[in-house]
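Hi,

Here is the structure I promised to pass on. Have a look at it first, and then read on for what turned up.

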Amino acid sequence: MEQKTKVYAEEGKQDLFITREFDLPLPLLFKAYEDADLVEQWMGTKVLQLESKTQGSYRFETTDPKGNALTFRGVIHEFIPNKRIVRTFEMEKMPFGVQLELYAFEEVGGGKSKLEQHVIYQSVAHRDENLKWPFKQGLNGAHNRIQKILSNETK
Amino acid sequence: MKTRRDVFQALADPTRRAIIALLAASSMTPTAIAENFDSSRQTISKHLQILAECALLSPEQKGREIHYRLNPEGMKEVADFIEPFRVFWDDRFNKLESLMKKHQSKP
């Protein structure tokens with residue numbers, strides 16, 4: 001089975017690409033990024049602030065498996081409905097650095113749409129730290145999710 | 001880890017990723033592969049050479065022809081490194097997709 005979500009991370013570079021095709025019409029996919037209530041639901045975060053417009057900004061809060069609150073925020077450099085979002089992203093009080101995120105939304109026909117997420121980190125080291133982050137969540141995080149996905153697929 | 005660096009460089013190119021996607025279905029001769037692209041036969045040969053060098057593809061002699069096939073071991077090395085990160089995003093996107101499907105069907 002072909003994977004729906006793909007990650008391209010070239011060794012020695014400070015950026016990466018995440019692509020995904022959705023079984024959703026383009027306006028519906030975009031809405032999931034625009035609307036605070038919907039963002040809260042699929043990202044599993046509390047939306048403290050979300051101003052979806054060019055020169056807008058956002059601030060989200062999430063709770064890690066140990067119960068600690070993590071906040072992250074950024075400014076929205078460009079916001080073009082159904083097409084493009086360019087924003088910064090930074091976890092507050094964490095050593096991951098700030099990153100620039102370019103989201104390209106595209107209609108692919110047949111009621112489907114595609115998202116390409118280009119993420120540029122401060123340095124190669126910052127990118128690799130971010131790539132390894134799901135590993136560090138250990139058994140409570142990524143592995144459980146892998147298990148869950150695998151067991152769903154074999155059903 | 002020289003091999004890993006080469007693998008990532010090999011996959012950074014969109015034509016090479018397309019070749020891999022093409023060969024996922026079945027092994028093919030260089031001529032048959034090149035027919036799927038606008039690039040010259042020479043350009044495709046160069047791409048095949050790079051993919052073979054980092055063990056993503058293996059050439060196989062079949063009679064008088066060479067066929068290229070995907071090397072699952074080479075692909076596995078790439079997958080192992082990025083997999084938890086990919087699964088993290090896949091999980092999120094799956095949630096987005098199912099949420100928006102429900103949202104769509106609401107009157």
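A word on confidence before anything else: pLDDT is the predictor's confidence in each residue, from 0 to 100. You'll want it in mind, as this is a predicted model. Chain B has a mean pLDDT of 84, with 86% of its residues at 70 or more. Within chain B, the lowest confidence is in α1(B), where the mean is 61, and the highest is in α3(B), at 94. Where pLDDT is low, the predicted coordinates should not be read in detail. For the model as a whole, the scores are ipTM 0.82 and pTM 0.65.

Chain B, from end to end

Chain B has five helices and two strands. Starting at the N terminus, their order is α-α-α-α-β-β-α. The chain counts 107 residues, and 30% of them are buried. If you take the contacts in chain B with a separation of 6 or more, 53% are between residues 24 or more positions apart.

The cores

The largest nonpolar core has 15 residues, and the members that touch the most others are B:Ala10, B:Leu51, B:Leu56 and B:Leu57. Several elements of chain B feed into this core with at least two residues each: α1, α2 (14-23), α3 (30-34), α4 (41-53) and β2 (65-70). Try centring your view on B:Leu51: setting aside residues up to four places away in sequence, B:Leu51 touches B:Ala10, B:Arg16, B:Ile19, B:Leu56 and B:Leu57. There is another core apart from this one, made up of 14 residues, including A:Ala32, A:Val39, A:Ile85 and A:Leu115.

Helix α2(B) is a nice one to look at end-on. Which of its residues are buried? They are B:Arg16, B:Ile19 and B:Leu23. Looking down the axis of α2(B), these buried residues fall within an arc of 55 degrees, so they line one face of the helix. On the face turned away from that buried side, α2(B) carries the exposed residues B:Pro14 and B:Ala21.

Where the chains meet

Between the two chains, 24 residues of chain B are in contact with 27 residues of chain A. On the chain B side, α1 (2-11) and α5 (72-105) each supply at least two of the touching residues. The biggest giver is α5(B), with 18 residues. Sorted by class, the side of chain B that touches chain A has 13 nonpolar, two polar and nine charged residues. Do remember here that α1(B) is the element of chain B with the lowest mean confidence.

While you are on α5 of chain B, find B:Met75, which sits in that helix. B:Met75 has 17 C-beta neighbours inside 10 Å, so it counts as partly exposed; buried would take 20 or more. Leaving out neighbours within four places in sequence, B:Met75 is in contact with B:Leu56 and B:Leu70. B:Leu56, you may recall, is one of the core residues that touch the most other members. B:Met75 also lies 9.9 Å from B:Cys54, C-alpha to C-alpha, with their positions 21 residues apart in sequence.

Over to chain A

Three strands of chain A are worth following in order. β3 (residues 46-50) and β4 (residues 56-63) run antiparallel and are joined by four bridges. β4(A) then pairs with β5 (residues 69-80), again in the antiparallel sense, over eight bridges. You can step across the strands through A:Glu61: this residue of β4(A) is the bridge partner of A:Lys46, and in β5(A) its own bridge partner is A:Thr71.

Now for the turns. The hairpin of β3(A) and β4(A) has five residues between the strands, and A:Gln55 there takes a positive phi near 65 degrees. A:Gln55 does this although it is not a glycine. With 10 C-beta neighbours inside 10 Å, A:Gln55 counts as exposed. The hairpin of β4(A) and β5(A) also has five residues between the strands, and in this one A:Gly67 takes a positive phi near 90 degrees.

Which residue in the loop between β5 and β6 (84-91) of chain A should you look at? Go to A:Asn82, which is placed in that loop. A:Asn82 has a positive phi of about 65 degrees, and it is not a glycine either. With 15 other C-beta atoms within 10 Å, A:Asn82 is partly exposed.

Enjoy looking around!

Technical notes. Residues numbered from 1 in each chain as written. Chains lettered and ligands numbered in written order. Predicted model: local features only at pLDDT ≥ 70, side-chain atom pairs only at ≥ 80, totals over all residues. Contact = placed C-beta atoms within 7 Å. Nonpolar A, V, L, I, M, F, W, Y, C, P; charged D, E, K, R; others polar. Core = buried A, V, L, I, M, F, W, Y, C linked by C-beta atoms within 7 Å. Buried ≥ 20, exposed ≤ 12 C-beta atoms within 10 Å, placed from the backbone. Arc of directions from axis to C-beta. Pairing = 2+ DSSP bridges.
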